[in-house]
Amino acid sequence: MHIKAKKSLGQNFLIDRNILEQIVDVVEINNKEILEIGPGSGNLTAHILKKKPKKFYVIEKDNDLSSLLSEKFNDEINIINNDVLKISEDKISKEKLTVFGNLPYNISTEILSKWIINLNREFWFNELVLMFQKEVADRIIAKSNTSNYGRLSILSNWKLHVKKIIDIKPESFAPKPKIDSTLLVFTPRKNFFELKDPRNLEMITRIFFSQRRKMIKKPFNQVFKNAKEISDKFNIDLNLRPQNLSSEMYLNLTKEYEDLGS
Ligand code: SAM
């Protein structure tokens, strides 16, 4: 059956055998429960199956591709024909999952943010092996004091360890995207900073990074009524720029905001 890629669903299928083999070697698959997001035409799916997972779930929004996958793989995979943004991943299995995904680029940060925000200490996955457009991956792994550092780096670093595996060229996909891609692997942090509401971290980083070249004096005053007291407490120079504060400091400031009931 000929598959016509749908642009609206971010369909760029991975066709490079070498890369597919590298991806399934990043983490252990044998005898593990696997979840693949957006299996598409099933190229990565087939490579994962060769490693003999114990159980294999896939989430694919496209109805045509879901039928195709069901014909191709029969009962070797459990197909969830739905939108990944609408699923409660923690309900899929009682065991912790190992997740693979060549994510649709238009919603990749939304998927990752949703997972991080909902993640509690009973985390539902062991590892995430995910492909992003390179520019997004660069923002996820960025360290403070660099130009790529920002909200996404702080949010990811809060609950996850992140490691870059490889960059992947457009030629490895069909149809060929205009951008480079990067494969990252994430593992949950056992002890992460406890916040009452992750939306406070999102709010504070949004305010600070809305003017990333300006000094933090203004956002500080916007967030805290007693800005001077708080900046003294944490020894923060208000002439710094948002990128100069570590992700730990943004977590400290969020907790302070929550404790003050500001
Ligand atoms: N994994 C395949 C590969 O590497 O060849 C395809 C990856 S393609 C970049 C993204 C896949 O995600 C497509 O199959 C697309 O239909 C699916 N998709 C797009 N939006 C989705 C959503 N909201 N929920 C689940 N799957 C989605």
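**Exercise 1. Identify which residues of this predicted model come nearest to the ligand, and describe the shell by class.**

Solution. The structure is a predicted model. Step one is to list the surroundings: there are 22 residues around the ligand, and Q11, G38, E60, D83 and N102 come nearest. A residue belongs to this group if one of its heavy atoms lies within 4 Å of the ligand. Step two is to sort the shell by class, which gives 10 nonpolar, 7 polar and 5 charged residues.

**Exercise 2. Locate polar contacts of the ligand with L14, V84 and N102, and state how much of the ligand the protein buries.**

Solution. The cut-off for a polar contact is a pair of N or O atoms within 3.5 Å. Begin with the backbone: a polar backbone atom of L14 lies 2.8 Å from an oxygen atom of the ligand, and a polar backbone atom of V84 lies 2.9 Å from a ligand nitrogen. Turn next to a side chain: an N or O atom in the side chain of N102 is 2.7 Å from an oxygen atom of the ligand. Finally, consider the area: the ligand taken alone exposes 600 Å², of which the protein buries 99%.

**Exercise 3. Determine which pocket the ligand takes up, and characterise its lining.**

Solution. The ligand occupies the space of the largest pocket. The volume of this pocket is about 400 Å³. Its lining consists of 29 residues, and those nearest the centre are L9, G38, E60, N102 and P104. Three elements give two or more residues to this lining: β1 (13–14), β2 (33–37) and α2 (43–50). Sorted by class, the lining of the largest pocket contains 13 nonpolar, 12 polar and 4 charged residues.

**Exercise 4. Examine the backbone at P175 and N31, and place each residue in the fold.**

Solution. Recall first that most peptide bonds are trans and that most residues other than glycine have a negative phi. The bond joining A174 and P175 is a cis peptide bond, with omega about -10°. P175 lies in the loop between β8 (173–174) and β9 (181–188). N31, although not a glycine, has a positive phi of about 65°. N31 is found in the loop between α1 (17–24) and β2.

Note on methods: Residues numbered from 1 in each chain as written. Predicted model: local features only at pLDDT ≥ 70, side-chain atom pairs only at ≥ 80, totals over all residues. Heavy atoms only, no water. Polar contact = N/O pair within 3.5 Å; in protein donor to acceptor, adjacent residues only side chain to side chain. Areas by Shrake-Rupley, 256 points an atom, 1.4 Å probe, with all protein chains shown as cover. 1 Å grid on protein atoms, 1.4 Å probe; cavity = no way out; pocket = protein on both sides within 12 Å on 5 of 7 lines; lining within 4 Å. Sits in = over half its atoms within 2 Å of the grid points. Nonpolar A, V, L, I, M, F, W, Y, C, P; charged D, E, K, R; others polar. Points joined across faces, edges and corners; volume = space filled by probe spheres on them. Helix = DSSP H or I, 4+ residues; strand = E, 2+ residues; numbered from the N terminus.
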